[in-house]
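Subject: Handover of a structure

Dear colleague,

Please find below the structure that I am handing over to you. I should be grateful if you would look through it before reading on.

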Amino acid sequence: MLNMQVMVVSFGSVEGAQLWLEQTGCTFEMMLDSQRKVYRSFGLGSSFSKVLKFGCLMQLSEFSAADRDFPDFPHRLLEDIYQLGGDFLLDETGKVLLSHPSKNPLDRPNETDLLLSCQCCDLK
């Protein structure tokens with residue numbers, strides 16, 4: 001069994017973060033990075049064209065067709081709708097074991113890559 005902690009990093013407001021956690025049912029710890037220092041240190045940014053790319057919009061439309069709800073955010077809490085996040089795995093010293101900056105809002109590393117990153121570095 002792997003000994004890890006999962007954390008969500010957001011640059012939004014406390015109010016927006018709490019609403020997102022409630023609406024998504026996410027139980028992971030969240031850190032707010034209002035200055036976007038962590039965000040920038042991992043080379044993340046925003047992209048109008050990548051977020052609104054046709055293929056991405058088609059995938060999101062499938063969520064609606066499958067009757068999946070999206071979080072309902074007031075416009076005043078929307079900070080950067082074109083943000084591109086990512087998934088990163090760090091060891092206890094802060095060394096980056098896996099870096100996966102998202103190519104679009106739905107891009108996530110697969111489970112195999114995550115597990116291989118853990119096993120290669122002998123995280124137990």
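The notes below set out what was found in the structure, beginning with the chain as a whole.

Please bear in mind that this is a predicted model. The chain has 124 residues, and buried residues make up 23% of them. Its secondary structure comes to five helices and four strands. Read from the N terminus, these elements follow the order β-α-β-α-α-α-β-β-α. The chain exposes about 9,100 Å², of which carbon and sulfur atoms supply 53%. If one takes the contacts between residues at least 6 apart in sequence, 53% of them join residues at least 24 apart.

I turn next to the N-terminal part of the chain. Strand β1, residues 7-10, pairs with strand β2, residues 29-32, in the parallel sense, and four bridges join the two. Together with helix α1, which covers residues 14-24, these strands make a right-handed β-α-β unit. Met7 belongs to strand β1, and its bridge partner in β2 is Glu29. With a relative accessible area of 36%, Met7 falls between the cut-offs of 20% and 50% and is therefore classed as partly exposed. Met7 also takes part in a nonpolar patch on the surface, together with Val9 and Met31. The accessible area of these three residues together is about 220 Å².

After β2, the loop that leads to α2 contains Arg36. Arg36 deserves a remark on its backbone: although Arg36 is not a glycine, its phi is positive, at about 60°. Most residues other than glycine have a negative phi. Arg36 counts as buried, because its relative accessibility of 19% is under 20%. Lys37 lies in helix α2, which spans residues 37-41. Lys37 has a relative accessibility of 62%, which is over 50%, so Lys37 counts as exposed. From C-alpha to C-alpha, Lys37 and Phe11 are 9.1 Å apart in space, while 26 residues separate them in sequence.

The remaining findings concern strands β3 and β4 and the loop after β4. How many salt bridges does the count come to? The count comes to one salt bridge. Asp87 forms a salt bridge with Arg108, and the closest N and O atoms of the pair are 3.4 Å apart. This pair links distant parts of the chain, 21 residues apart: Asp87 is in strand β3, residues 86-90, and Arg108 is in the loop between β4 and α5, the latter being residues 111-120. Asp87 is partly exposed, with a relative accessible area of 23%. Arg108 is likewise partly exposed, with a value of 45%.

Both residues of that salt bridge are also in contact with His100. His100 lies in strand β4, which runs over residues 96-101. Leaving aside neighbours within four places in sequence, His100 is in contact with Gly86, Asp87, Phe88, Asp107, Arg108 and Pro109. Is His100 buried or exposed? His100 is buried, because its relative accessible area of 16% is under 20%.

With kind regards

Notes. Residues numbered from 1 in each chain as written. Predicted model: local features only at pLDDT ≥ 70, side-chain atom pairs only at ≥ 80, totals over all residues. Heavy atoms only, no water. Pairing = 2+ DSSP bridges. Right-handed = clockwise from strand over helix to strand, strands pointing away. Buried < 20%, exposed > 50% of the residue type's maximum accessible area, 1.4 Å probe, protein only. Contact = heavy atoms within 4.5 Å. Areas by Shrake-Rupley, 256 points an atom, 1.4 Å probe, with all protein chains shown as cover. Patch = residues over 30% accessible without salt bridge, like charges linked within 9 Å, V, L, I, M, F, W, Y side chains within 5 Å. Salt bridge = Lys/Arg side-chain N within 4 Å of Asp/Glu carboxyl O.
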